[in-house]
Amino acid sequence: MTIGPDISPIFLFDTAPQAAIPAELHDSINDQHLADWEAEWMPQLFSILRTLKAEGVERRLWPQSRHWNWGEKTKAIEGRLDNQCFSIVCDGVTQAMMITELTHRARLPDQKLDHLVYVEFVEAAPWNRSDIIRQPPRFSGCGSILIRAAIEFSKLEGYKGRIGLHSLPQSNSFYANKIGMTDLGPDPDYQNLRYFEMTPAQAEAFIKEGG
């Protein structure tokens, strides 16, 4: 994967025909991506929430990113040079988005205070999240591809693939087991969310394994 000035060709796995489908990785979140979030993502999310409410599912088990407003998030960082956005487009629709930031420093002892790329927010469209739609996702691989993009961005900045992030509880297993990041435990200064960090060696292992 190469992070270019605008768009990089990638592939997502379409679970219906069980085939790899051409897609695009954008190094931005633009008006069209936000329009897709509002017109495509939100109606399906609201439908999921209505179903969960009708079934009496506890709120702690509802999608924990349900309150995220990508329009507000991108507006808040408009014009900032220490943020970089990414999005995935496939089949003419935005499938996932991510915001990264460059001012954080590493915490692991062997790289403490080194620069890293911090993943502020990352989210896939509702139909790509098997944890909330109770069936196979439409496209799989969105989260892994965006983490790979963060790693490549880290390399581009000279940070050797180091990344860090705070995880919503529903994503802890993904970052620990699927991505292979180090779990540094709950952070009392960040809503007690668990903080995960990746070393250059872990980044290379993730890429080697097909991340």
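Accessible areas come from the Shrake-Rupley method with a 1.4 Å probe, and for residues only the protein chains shown count as cover. The model is predicted: local features need pLDDT of at least 70, side-chain atom pairs count only at pLDDT 80 or more, and totals for chains, interfaces and linings use all residues. Residues are numbered from 1 along each chain as its sequence is written, and side-chain values use heavy atoms, without hydrogens and water.

**Exercise 1.** State the accessible surface of the protein chain and the part that belongs to carbon and sulfur atoms.

Solution. The surface comes to about 10800 Å². Carbon and sulfur atoms hold 51% of that surface.

**Exercise 2.** Count the helices and strands, then judge how compact the protein chain is.

Solution. Helices (H or I, at least four residues) and strands (E, at least two) are DSSP runs, numbered from the N terminus. The protein chain has 6 helices and 9 strands. Its radius of gyration, taken over C-alpha atoms, is 17 Å. The globule rule (2.2 Å times the number of residues to the power 0.38) gives 17 Å for 211 residues, so the chain is as compact as a globular protein of that length.

**Exercise 3.** Place Ser 144: which helix holds this residue, is Ser 144 buried or exposed, and what does it contact?

Solution. Start with the helix: Ser 144 lies in helix 4, residues 142–156. Next, burial means under 20% relative accessible area, exposed over 50%, partly exposed in between (1.4 Å probe, protein chains only). Ser 144 counts as buried because its relative accessibility is 12%. Last, take contacts (heavy atoms within 4.5 Å). Leaving aside neighbours within four places in sequence, Ser 144 touches Phe 174, Lys 178, Ile 179 and Phe 206.
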